[in-house]
Structure formats: C-alpha cells, structure tokens
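This report describes selected aromatic pairs and the surroundings of one ligand. Please consult the sequence and the structure shown below while reading.

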Amino acid sequence: MAKVTIIGATGRLGSFASHPIAGIPHVDEVLLMGRPGRENLLAGLAHDLTDSCAARGIWTEISSSTSEEDCADSDIIVITAGAPRHEGQDRIDLALANARIIRPIAESVGRHAPNAIVLMVSNPVDVMTAVALRYSGMEPKQVFGLGTHLDSMRLKALIADYFHVHVSEVHTRIIGEHGESMVPLWSATTIGGIRISNLPAFSGLPIDEMMQRVKSSGSFIIKNSGATIYGPGDAIATLVQTILGNENRILTVSSYIKSEVHNVGDTCIGVPARVNRRGVSPVPIRIEESELEAFRESVGKIRGITREILEKLE
Ligand SMILES: NC(=O)C1=CN([C@@H]2O[C@H](COP(=O)(O)OP(=O)(O)OC[C@H]3O[C@@H](n4cnc5c(N)ncnc54)[C@H](O)[C@@H]3O)[C@@H](O)[C@H]2O)C=CC1
Ligand SMILES: O=C([O-])CC(=O)C(=O)O
C-alpha cells in the first residue's frame with residue numbers, strides 16, 4: 001500500500017486530483033500539503049475527502065499538513081503548487097515565477113523523501129520538471145512531468161469522435177512541449193491496430209483543425225470556466241495508478257532524454273516512456289523525418305528556456 005502526497009492541495013487542480021487518487025486501490029494514505037496559513041482550508045478539504053471515501057465505501061486515510069517534513073515516506077509526490085495562467089497568457093510566461101516556487105519545494109522533497117517518485121504538474125511543466133530534477137537531487141527516473149499525456153488524450157478523443165470508434169480503439173501520441181510546439185506523431189497513430197494513414201478516410205481528416213483544438217484546449221477552458229481541473233486531475237490519477245500498479249504502460253510524459261529520440265534532447269520534454277513502480281524510463285524510438293524536424297524545434301525551444309531559467313535560479 002502507498003502514501004501519496006499532493007503539494008499544492010489547496011489549489012483547484014490539487015484539490016480535485018486528490019479525489020480520484022484517494023480512490024485508487026493501491027493508495028492507503030493521501031496527504032494534502034499546503035503553505036503555512038492554510039491549515040483550516042486543508043483541514044476542511046481533508047475532512048470532506050474523508051467523507052467522500054466513506055460515501056464510496058473505501059478506507060483511505062486522509063491527512064493534511066503545512067510542514068514539509070511530513071512528506072517523508074511518500075511513495076509518490078504530486079506537485080501542483082504554483083500560479084496558473086490567466087486568459088491571454090502562455091504557459092511559458094509562468095516559468096520564472098513558478099521556478100522560484102518549485103525550487104524550495106524540490107529541495108525539501110529531495111531532503112525528506114529521497115526515494116519517492118515525483119510527478120510534476122505545475123506549468124510550464126517541462127521546465128518545472130527540469131527544475132525539480134535539478135534541485136531535488138533525485139534520479140531522472142524518479143522525477144517526471146505530466147508532459148503531453150493530457151494532450152495525447154485530447155487528440156485521442158477527437159480522433160475517436162471523427163471515426164466514430166471507441167476511444168480504446170485509438171492509439172496516438174503527441175510528443176514535445178506541453179504547449180505551442182507540441183508534435184503529433186501520425187506515424188504512431190492507429191485505429192483498431194491499423195495505421196491511420198492506411199485508412200482511406202485519413203485523407204479527409206482535418207489535421208490542422210484538430211491540432212489547433214488540442215493546443216487551445218487549456219486556454220479555451222481557462223477563458224470559459226477559469227481553470228482546467230477534471231482533465232488534468234484524472235490524467236494525474238492515471239499516472240499514479242500506473243506507477244503503483246507497476247503497470248509498465250507506455251505513456252507520453254515529460255522525462256529527461258539524451259539519446260532516446262535520434263540523439264535529440266538533454267532536456268525534460270514529452271516522450272513515450274515506460275511507467276512502473278520504479279518510475280519512468282523513456283523508450284528509445286525512431287520517428288519520421290518531418291516529425292523529427294518539428295521535435296528538434298520543440299526540444300530546442302524548451303532546452304533554451306530551461307537553461308535560461310536554471311541560470312536565473314542560481
Ligand atoms: N500540466 C498540466 O497539464 C496542467 C498544469 N496546471 C498547472 O498547475 C498549477 C496549479 O493550477 P491550479 O490548481 O489551477 O492553480 P490554483 O491557483 O488554484 O492553485 C495553486 C496552488 O499553488 C499554491 N501556491 C501558490 N504560490 C505558492 C508558493 N509560493 N509556494 C507554495 N505553494 C504555492 C497555492 O497555495 C495553491 O495551492 C498551475 O501552474 C497550472 O498552470 C494546471 C492544469 C493542467
Ligand atoms: O492550459 C493550462 O494552462 C493548463 C494546462 O496545462 C492544460 O490544461 O493543458
């Protein structure tokens with residue numbers, strides 16, 4: 001059984017994510033962590049979540065804390081602390097301010113829970129994953145980000161809808177930045193096990209419109225309802241379940257890569273990775289030339305911003 005700590009639990013995403021996480025069968029303890037001064041809010045959330053477990057007929061111990069050392073013994077630490085973007089902002093606009101929030105959190109996690117697996121969610125997620133990796137002092141397999149997993153799920157749903165098939169029949173991936181330069185891998189997209197480009201209907205697929213929808217999902221939701229909550233919250237829970245169930249699923253998450261994709265990397269970015277109880281390991285892959293070109297650009301962008309932010313944090 002496992003303890004999962006959520007740092008940023010008073011926020012909209014952290015508090016929602018705690019709900020599906022508390023229902024994962026491998027989880028017997030959820031710790032809601034927040035900043036000093038938020039004790040009453042955390043206590044209220046913990047009590048409400050305890051009631052939710054009672055209503056669902058499950059027994060998961062829910063606790064709350066504002067003391068960093070309480071994350072000790074966590075199996076997984078989910079980090080959602082930090083500012084969200086507002087309408088009109090890019091995720092990258094949050095980089096320096098959120099890096100200054102993530103650095104001390106990562107240092108504390110590295111000190112108190114050096115054996116945990118860290119799932120970074122705060123944006124810009126690829127850059128924050130690199131900040132967490134650097135300042136926690138933990139191994140690359142232990143520190144990863146939500147990356148383009150949610151983008152891949154968003155595209156999967158659009159493809160399933162277009163072809164009128166169940167989502168489980170569609171396999172697809174978006175790699176690269178969780179942001180503007182993300183890269184869809186049509187070469188790795190199948191429907192019912194058939195490569196999508198081998199289906200006659202593929203020629204009519206509105207690829208550009210679909211990718212525009214995926215890229216603007218976050219800003220659309222933020223503009224209309226204030227924050228993205230259910231999509232990322234359930235995506236976080238899927239990752240927690242995959243780790244604790246030692247499921248060896250290949251999911252597209254932000255991981256540190258060096259040579260896995262045509263030797264392009266030296267940064268944390270969304271790539272297919274094996275996810276299990278030991279953490280995350282990127283899967284070496286070969287992709288088509290046009291996809292590689294776009295991925296190279298995405299990596300260059302994120303590597304440049306990450307370096308700049310890490311230098312400013314020194
Ligand atoms: N990677 C992804 O797919 C997604 C990432 N996000 C990101 O997750 C983060 C949280 O989003 P929301 O929950 O909507 O925001 P929110 O504003 O509702 O919550 C932010 C949380 O961060 C905490 N926080 C703020 N400043 C802090 C500091 N200096 N030290 C410690 N904690 C601090 C707050 O107390 C609160 O718990 C944002 O960066 C957002 O962009 C959100 C959705 C999806
Ligand atoms: O768009 C945002 O700022 C939140 C996020 O990363 C997403 O939902 O994809």
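At 33% relative accessibility, Y162 is partly exposed, because a residue counts as buried under 20% and exposed over 50%. The model discussed here is predicted.

**Aromatic pairs**

Three aromatic pairs occur in the structure. In one of them, Y162 and F163 meet edge-to-face, with 5.2 Å from centre to centre and 70° between the planes. Unlike the partly exposed Y162, F163 is buried, with a relative accessible area of 17%.

W186 and F202 form a pair whose ring centres are 6.1 Å apart; since the planes stand at 55°, the pair is tilted. W186 belongs to the loop between β9 (183-184) and β10 (190-191), while F202 belongs to the loop between β11 (194-195) and α6 (207-225), so the pair ties together parts 16 residues apart in sequence. W186 is buried at 13% relative accessibility, and F202 is buried at 18%.

**The surroundings of ligand 2**

Where does ligand 2 sit? Ligand 2 occupies the largest pocket. The elements that contribute two or more residues to the shell around ligand 2 are α5 (149-163) and α6. Residues surrounding ligand 2 include R85, R91, N123, L150 and G218. The table lists polar side-chain atoms that lie close to oxygen atoms of ligand 2.

| Residue | Distance to an oxygen atom of ligand 2 |
|---|---|
| R154 | 2.9 Å |
| H178 | 2.6 Å |
| T228 | 2.8 Å |

On its own, ligand 2 has 260 Å² of accessible area, of which the protein covers 91%.

Key: Residues numbered from 1 in each chain as written. Chains lettered and ligands numbered in written order. Predicted model: local features only at pLDDT ≥ 70, side-chain atom pairs only at ≥ 80, totals over all residues. Heavy atoms only, no water. Phe/Tyr/Trp six-rings, centres within 6.5 Å; stacked < 30°, edge-to-face > 60°. Buried < 20%, exposed > 50% of the residue type's maximum accessible area, 1.4 Å probe, protein only. Helix = DSSP H or I, 4+ residues; strand = E, 2+ residues; numbered from the N terminus. Near = heavy atom within 4 Å. Polar contact = N/O pair within 3.5 Å; in protein donor to acceptor, adjacent residues only side chain to side chain. Areas by Shrake-Rupley, 256 points an atom, 1.4 Å probe, with all protein chains shown as cover. 1 Å grid on protein atoms, 1.4 Å probe; cavity = no way out; pocket = protein on both sides within 12 Å on 5 of 7 lines; lining within 4 Å. Sits in = over half its atoms within 2 Å of the grid points.
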